[in-house]
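Biologist: I am new to this structure and would love a close look at a single part. Could you pick one spot, walk me through what surrounds it, and then carry on from there to other parts?

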Amino acid sequence: ADVAYLRSVLPSTTEDAFFDYLATLDASEVTVSAVPEGSVVFARVPFLQVKGPLLVVQLLETTLLCLVNYASLVATNAARFRLLAGPDVKLMEMGLRRAQGPDGALSASKYSYIGGFDYTSNVLAGKLYGIPVCGTIAHSFIMSFTSLEEVQPRELPPLAGGEPVDLPALAELWLGRNFQGLLDTYCVRRSGLPNFCAVALALHQLGYRAIGVRLDSGDLAKQSKEVRRILRACGDRFQVPWFETIPIAVSNDISEQSLEEFSREGSEIDMIGIGTNLVTCPLQPSLGCVYKLVEVNGSPCLKLTEDEEKMTIPGTKTVYRLYDAAGCPFMDLMALDKEPSPSAGQELAVRVLGQLGEATKVVPTTVEPLHRTYFRDGQVCEPLPSLPEVRSHVQVSLSLLSPAHRRLHEPQPYPVAVTERLHRLLAELRQASH
């Protein structure tokens, strides 16, 4: 069917032999090596290497770039939010309504989880990928009730057993004495919080425990502190110790700047729901990964450009990550695949990209080859990690970076270098092209 479709759209002069050839194509001669999923990668470092018949690997270009660009972008964006939020605050992805269609939404949920989020509000993503799901109730649901008489069913049996109790009436009794609830549909102080406390205390009386509240407008950091103060006071007044620890969730167009403000001002926020600024990546809406030819029939090749940043590095390469004595990576090194591997404790003369006019000498404490071969002879040849394993690897990879490289504002540039031999090959090819 695919070949038949191509026949219908290609010029009528296209030879039959071409379509016969397309019908025989497969990936049996393709080899794919890659940096393990969830690893930190830096600009200019090839995180995917594809070898095989030229036409086949060229046909794979668009598919592979589609698979890695948005996935890497969202995972990176999620990792930035996690770094800003810190390890203790729970993060919930809730971008389904703003995502780039249903496929983009599922990808956003999956790769936000990989990047460090704890939950998704996308139930289908939870079903397909095993991501923990979490959500809250809508303003419209609360607004749909105009009186307590509309609440059905009214009765709730005590958790320990016994006769059902009229819950709204019990809540009214608690309200007169002075579940995830949405507090700001009308007014947090005058309506949402008093009503929540009354219902939560009534539920407590029946053996149930409210799971939290959500704020969705206004000064979220300030409100969270006010809500916590009242929850503590309520818990003390009515001898309900767990009341002061009721989780407080916030949402409302949360951005990186929002998280910085929460940290600067201090807050009592336990969970943050992020949607638009997570799944649409407004700070960088696309990732410019490219797929470049570096060798044909054993001969290295080079794409020349006036912009050195866009110049390809020729030849089939092995990439190493070099670590210092503190266990932090300090440089990624590209070498031709026929070169001997660098050794820990051995002095290396390298050329840092962007500083090719002079050699730099480094002595790594540890040397790690970055690529593994995942696909060979038409089949996957390396066990693929589970989603939780990839997610864990992301945090380990980030934790290994030095603070200077990991910081989000004005990070210290991470050097990527080539060996002297690869540098000579690059110079020879540039000279030959003139």
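Modeller: Let's settle on F19, in a model that is predicted. Setting aside residues up to four places away in sequence, F19 touches V3, L6, R7, L10 and T14. The residue lies in helix α2, and its relative accessibility is 3%, so F19 counts as buried. To get a feel for distances along the fold, compare F19 with K110: they are 91 residues apart along the chain, and their C-alpha atoms are separated by 37 Å.

Now widen the view to the two helices around F19. Helix α1 covers residues 2–9 and helix α2 covers residues 16–24; their axes come within 10 Å and cross at roughly 150 degrees. That angle is why α1 is described as roughly antiparallel to α2. The crossing in which α1 passes α2 is right-handed. On the α1 side, V3, L6 and R7 take part, and they meet D16, F19, D20, L22 and A23 of α2. Sorted by class, this contact of α1 with α2 has five nonpolar residues, three charged ones and no polar ones.

A second pair of helices makes a nice companion to this one. Helix α4 (residues 61–85) packs against helix α5 (residues 101–115) at an angle of about 45 degrees, with the axes 7 Å apart. The two helices, α4 and α5, are therefore oblique to each other. Here too the handedness can be given: α4 passes α5 in a right-handed crossing. From α4, the contact is made by Y70, A71, V74, A75, A78, A79 and R82, and from α5 by G104, S107, A108, Y111, S112, I114 and G115. By class, the residues of the contact of α4 with α5 divide into nine nonpolar, four polar and one charged.

R82 deserves a pause of its own. It is found in helix α4, and R82 is buried, with a relative accessible area of 7%. Leaving aside neighbours within four places in sequence, R82 is in contact with P87, V89, L91, G115, G116, D118 and Q395. One of these partners, D118, is 36 residues from R82 in sequence, while the C-alpha atoms of the two are 9.7 Å apart in space.

From here we can step to the nonpolar cores. In soluble globular proteins, nonpolar side chains tend to be buried together. The largest nonpolar core in this model has 45 residues, and those with the most contacts inside it are F196, L231, F243, L259, F262, I272 and I274. Helix α9 (residues 188–205) supplies the largest share of this core, eight residues. There is also a second, separate core of 32 residues, which includes A71, A79, Y111 and L425. For a view from within the largest core, take L259: not counting residues up to four places away in sequence, L259 touches F81, L84, A85, I254, I272 and I274.

A79 leads us onward to another buried residue, L398. Apart from residues up to four places away in sequence, L398 touches V40, A79 and R406. L398 lies in helix α13 (residues 387–400), and at 12% relative accessibility it counts as buried. L348 is 50 residues from L398 along the chain, and the C-alpha atoms of this pair are separated by 25 Å.

Let's finish with a few loops. T316 lies in the loop between β12 (299–300) and β13 (317–323), and T316 is buried, with a relative accessible area of 13%. Not counting residues up to four places away in sequence, T316 touches Q49, K51, E295, A335, L336 and D337. In the loop between α7 (139–143) and β5 (155–156) you will find P153. A cis peptide bond joins Q152 and P153, with omega about -10 degrees.

Two other loop residues are worth finding on your screen. D377 lies between β18 (372–376) and β19 (379–380); its phi is near 55 degrees, a positive value in a residue other than glycine. With a relative accessible area of 57%, D377 is exposed. E410 sits in the loop between α14 (403–406) and β20 (416–419), and phi of E410 is near 50 degrees, again positive in a residue other than glycine. At 71% relative accessibility, E410 counts as exposed, whereas F19, where we began, counts as buried.

Technical notes
Residues are numbered from 1 along each chain as its sequence is written. This is a predicted model: local features need pLDDT of at least 70, side-chain atom pairs count only at pLDDT 80 or more; totals for chains, interfaces and linings use all residues. Side-chain values use heavy atoms; hydrogens and water are left out. A nonpolar core is a set of buried Ala, Val, Leu, Ile, Met, Phe, Trp, Tyr and Cys residues joined through side-chain atoms within 4.5 Å. Buried means under 20% relative accessible area, exposed over 50%, partly exposed in between (1.4 Å probe, protein chains only). Helices (H or I, at least four residues) and strands (E, at least two) are DSSP runs, numbered from the N terminus. Contact means heavy atoms within 4.5 Å. Axes are lines fitted to C-alpha atoms, for helices over the stretch in contact, and angles run from 0 to 180 degrees between N-to-C directions. Angles under 35 degrees count as roughly parallel, over 145 as roughly antiparallel, 65 to 115 as roughly perpendicular and the rest as oblique. A crossing is left-handed if the near helix is turned anticlockwise from the far one by less than a right angle, and right-handed if clockwise. Ala, Val, Leu, Ile, Met, Phe, Trp, Tyr, Cys and Pro count as nonpolar, Asp, Glu, Lys and Arg as charged, and the others, Gly among them, as polar.
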